[in-house]
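Thanks for making time, everyone. I'd like to walk you through a structure that's probably new to most of you, so stop me whenever you like.

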Amino acid sequence: MGFCLYLLTLLLLLCLCTAQWCYQKQSCADTCEDPSRWAVQFPRCGGLHQSPINIVTRKVQVNSSLPPFSFIGHTDIINITVKNNGHYAHFGLPPSVRLTGGGLPGHYRASQFHFHWGGSGRPGSEHTIDGERFPMELHIVHIKEPYRSLAEAERDTAGIALLAFLFEETAEDHPHLGTVIAALGRVKHNGSNTVIPNFRLSDVIPAAEDLRSYYHYVGSMTTPGCEQAVDWTVFHRMLSISSRQLEAIVEQCQFWTGQPMTDIYRPTQPLDGRVVYRSKSGAPQKSAAHAWISAFSALLVIVTLMH
Ligand SMILES: [Zn+2]
């Protein structure tokens, strides 16, 4: 009887372990699947429209029908629950935070946000631009209305809208990341959670008028099961973070294996014929200035002709 129980426990543990996935640097040998083997347990991870990707700027196509986004509830003061799910830290958002525009087919409600980061001194964004990896990446996950859960939305090819913000390292601290860093310090272990009171999403991300420039493509969730149901937006505008804040972030949490939670990003996936678009106002700032000068020159010509 005792031996049977022992055998049963051993089998259960084995099942639990093999069903787990991990990141490349977790090196848990035979007990979990790293990204190159995710598709063994989660077949969709081997699909053709996977994320993240490397964005090759000279191959990006301008799509003039991609409008700006409209943010709803981003300035509301909310309480958010932060949870360490063993793979990353998850920041729950209330359904009052919503999103439309940006070429999305409808209204989407926010579900959660999370970050992808590297290790001490190592960059850890998921998307790369012309092969460059950035220090950190913020993902805000939205579910298409009227779906009520991620599981429901994942069955629709445009069921999920993911907004991605890349970070650049600056000398100054980001003024509003302090509460996020402190919360990470309270969810060190797998399963632990905490609350950030009086949080405002607009403190972390810029206003919609500063986010008219973006890349857009169709892809997948970047963690198993890698559902191909995601409308991706990667903004040109980067968020700032100081090296001091980056160091504090990567040191805070632990994976479900007890190892330090570092290098939490999936390697970039093949594009497989997909096209990455950019919004028309996605041109670099100097081009905007150039357009202004052109308009001014045209005006001068008209005035000269009139005289
Ligand atoms: Zn993510």
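I'll start with the overall picture, then go through the sheets, the core, one helix and one loop residue.

First off, please keep in mind that this is a predicted model. The average pLDDT for the protein chain is 87, and 84% of the residues score at least 70. Two stretches need a warning. Over residues 7–18 the pLDDT stays under 50, and the model has just two contacts there beyond four places in sequence. Residues 282–296 are also below 50, with four contacts beyond near neighbours in sequence. Where pLDDT is low, the predicted coordinates should not be read in detail. I'll leave those two alone from here on.

Now, the overall make-up. The protein chain has seven helices and 16 strands. It runs to 307 residues, and 37% of them count as buried. Here's a number I like: take the contacts with a separation of 6 or more, and 71% of them are between residues 24 or more positions apart. Keep that in mind when we get to the loop.

Let's go to strand E11, residues 160–170. How many of its residues are buried? Eight of the 11, so E11 is mostly covered. And look at the strands it pairs with. Strand E10, residues 136–144, runs antiparallel to E11, with seven bridges joining them. In that pairing, Leu138 sits opposite Phe165 of E11. Strand E14, residues 230–235, runs parallel to E11 and is joined to it by five bridges. There, Ile160 has Val230 in E14 as its bridge partner. Then there's strand E15, residues 239–242, also parallel to E11, over four bridges. In that case Glu169 is partnered with Ile241 in E15. For anyone new to sheets, strands pair through backbone hydrogen bonds, either parallel or antiparallel.

E11 matters for the next part of the tour too. In soluble globular proteins, nonpolar side chains tend to be buried together. The largest nonpolar core here has 70 residues, and the ones touching the most other members are Ile160, Leu162 and Phe165. E11 supplies the largest share of that core, eight residues. Zoom in on Phe165 for a second. Setting aside neighbours within four places in sequence, Phe165 is in contact with Glu137, Leu138, Ile205, Phe235 and Leu239. You'll recognise Leu138 there, the residue opposite Phe165 in the pairing with E10.

Next, strand E4, residues 78–84. E4 pairs with strand E12, residues 193–199, in the antiparallel sense over five bridges, and Val82 stands opposite Thr194 in E12. E4 is also antiparallel to strand E5, residues 89–92, with three bridges between them. One of the pairs there is Lys83 with His90 in E5. E4 and E5 make a hairpin with four residues between the strands, and in that hairpin Gly86 takes a positive phi near 90°.

Those strands come up again with helix H4, residues 178–185. Val180, Ala183 and Leu184 are buried in H4. Where do the buried residues fall when you look down the axis of H4? They're within an arc of 100°, so they line one face of the helix. As a reminder, an α-helix has 3.6 residues a turn, so residues three or four places apart point the same way. And what covers the buried residues of H4? The cover includes E4, E5, E12 and helix H6, residues 243–250.

There's also a little open sheet of three strands, in the order E1-E8-E9, with mixed pairing. Its edge strands are E1, 54–55, and E9, 132–133, each pairing on one side only. E8, residues 128–129, pairs antiparallel with E9 over two bridges, and Ile129 is opposite Glu132 in E9.

Last stop: Leu104, in the loop between strand E6 (98–101) and strand E7 (108–117). Is Leu104 buried or exposed? Leu104 has 20 C-beta neighbours inside 10 Å, so it counts as buried. Not counting residues up to four places away in sequence, Leu104 touches Ala161 and Asp231. Leu104 and Ala161 are 57 residues apart in sequence, yet 7.7 Å apart in space, C-alpha to C-alpha.

That's the tour, and I'm happy to go back to any part of it.

Conventions
Residues numbered from 1 in each chain as written. Predicted model: local features only at pLDDT ≥ 70, side-chain atom pairs only at ≥ 80, totals over all residues. Buried ≥ 20, exposed ≤ 12 C-beta atoms within 10 Å, placed from the backbone. Contact = placed C-beta atoms within 7 Å. Pairing = 2+ DSSP bridges. Core = buried A, V, L, I, M, F, W, Y, C linked by C-beta atoms within 7 Å. pLDDT = per-residue confidence, 0-100. Arc of directions from axis to C-beta.
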